[in-house]
Amino acid sequence: MIETDRRGALRTCTGLVVTGALATGCATTGPAPTRERPAAPPKAPRAAPAAAPAPRRFPGLPDQIAHSPRGRPQVALTFHGQGDPAIARSLLAIAEKADARITVLAVGSWLDEHPKLARRILDGGHDLGNHTQHHLTVNEMSEADAYAEITGCADRLRRLTGSIGTWFRPSRAETATPLVARLAHRAGYPHVLSYDVDSLDFTSPGAPAVTRKVASEVRAGSVVSLHFGYADTVAALPAVLEDLDRRGLRAVTTTELLT
């Protein structure tokens, strides 16, 4: 039975059988009460990424370092950081798959275009350093312009990672002039990172030629110059790492090589 009470509320009635008698029970219907959901617990603030390692002085080593002391079976594969970011990611993945670590000397303008790569490099356990802001011939610049190139890249690295990077390498030169070395020291880099093996991968000689060049010159303590941005380097890196492994040489960061 359905009836309406004095207030106009809709009432429904159901017949209940009680000891042979008909009893009528009625209940007022209306919107179901709203249940309040418990408040979600506040999210914990996301921790800021740890600052990247800072440059450090290695007592007993020269201001410009081309290789480490030759006692340990380790080498440093160092990459000039610019070019297609997809190639950079491929090289990082190849190195990590082989349990190798590398050193990336990044160009500041490249970091401006691809800022996430700075943290990607560090998160992979690699070294990250400074290769000037615009990759010009820094050794031929005036003091003011050369210093601006060094500090411009250092500022990008600090903004992205909390550090100016662990290393400085002059752009378009194997070694720094005395002036550029002094400017790098003023900017916070105790050493200039050079190399004793040049892969010549930037000339695009083909992957086998890159592999042969590195294999013929590398030895314990070597610092090898390679580049992001070249398909030959991607194709050659697995063979380079396999050759090092056969010879009992392990690819590590430059910091580990010298520590």
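The paragraphs below lead through this predicted model, from the whole chain to its helix contacts, aromatic pairs and a few single residues.

The protein chain has eight helices and eleven strands, and of its 259 residues 44% are buried. To see how parts that lie far apart in sequence come together, consider the contacts between residues at least 6 apart in sequence: among these, 76% join residues at least 24 apart. Several of the places described below show such long-range links in detail.

A good place to begin is with pairs of helices. Helix α4, which covers residues 143-161, packs with helix α5, residues 178-187, at an angle of about 45 degrees, and the two axes are 10 Å apart. That angle makes α4 oblique to α5, because an angle counts as oblique when it falls outside the ranges for roughly parallel, roughly antiparallel and roughly perpendicular. The crossing in which α4 passes α5 is right-handed. On the α4 side the residues that take part are E143, A146, Y147, I150 and T151, and they meet L179, V180, L183, A184, R186 and A187 of α5. Sorted by class, the residues of this contact of α4 with α5 comprise eight nonpolar, one polar and two charged.

A second pair, α6 and α7, can be read in the same way. These helices pack at an angle of about 40 degrees, with their axes 8 Å apart, and that makes α6 oblique to α7. The crossing of α6 and α7 is right-handed. Here A207, V210, T211, V214 and A215 of α6 meet D232, A235, A236, A239, V240 and D243 of α7, and the contact of α6 with α7 has eight nonpolar, one polar and two charged residues. Which residues of α6 are buried? They are A207, A209, V210, T211 and V214, and these buried residues pack against β9, β10 and α7.

The aromatic rings offer another view of the fold, with a count of four aromatic pairs. In one of them, the rings of F58 and W167 have centres 5.7 Å apart and planes at 5 degrees, so this pair is stacked, since planes under 30 degrees apart count as stacked. F58 belongs to the loop between β3 and β4, whereas W167 belongs to the loop between α4 and α5, and the pair thus links distant parts of the chain, 109 residues apart. Both F58 and W167 are buried.

Another pair is formed by W110 and F228, whose ring centres are 6.0 Å apart and whose planes meet at 55 degrees, so the pair is tilted. W110 lies in helix α2, residues 108-113, and F228 lies in the loop between β10 and α7, so the pair ties together parts that are 118 residues apart in sequence. W110 and F228 are both buried, and together with F79 they form one aromatic cluster.

Two buried residues show how a single position can touch distant stretches of the chain. Q74 lies in strand β5, residues 74-81, and it is buried, with a relative accessible area of 11%. Once its neighbours within four places in sequence are left aside, the residues in contact with Q74 are R219, A220, G221, S222, L249, R250, V252, E256 and L257. S68 lies in the loop between β4 and β5 and is buried too, with a relative accessible area of 3%. Not counting residues up to four places away in sequence, S68 touches G221, L257 and L258. The C-alpha atoms of S68 and T259 are separated by 9.3 Å, although these residues are 191 residues apart along the chain.

Finally, two loop residues deserve a look for their backbone angles. R172, in the loop between α4 and α5, has a positive phi of about 60 degrees although it is not a glycine. Is R172 buried or exposed? R172 is exposed, because its relative accessible area is 57% and the cut-off for exposed is over 50%. S204, which is found in the loop between β9 and α6, has a phi near 50 degrees, again a positive value in a residue other than glycine. With a relative accessible area of 46%, S204 is partly exposed.

Methods: Residues numbered from 1 in each chain as written. Predicted model: local features only at pLDDT ≥ 70, side-chain atom pairs only at ≥ 80, totals over all residues. Heavy atoms only, no water. Axes fitted to C-alpha atoms, helices over the stretch in contact; angles between N-to-C directions. Helix = DSSP H or I, 4+ residues; strand = E, 2+ residues; numbered from the N terminus. Parallel < 35°, antiparallel > 145°, perpendicular 65-115°, else oblique. Left-handed = near helix turned anticlockwise from the far one by under 90°. Contact = heavy atoms within 4.5 Å. Nonpolar A, V, L, I, M, F, W, Y, C, P; charged D, E, K, R; others polar. Phe/Tyr/Trp six-rings, centres within 6.5 Å; stacked < 30°, edge-to-face > 60°. Buried < 20%, exposed > 50% of the residue type's maximum accessible area, 1.4 Å probe, protein only.
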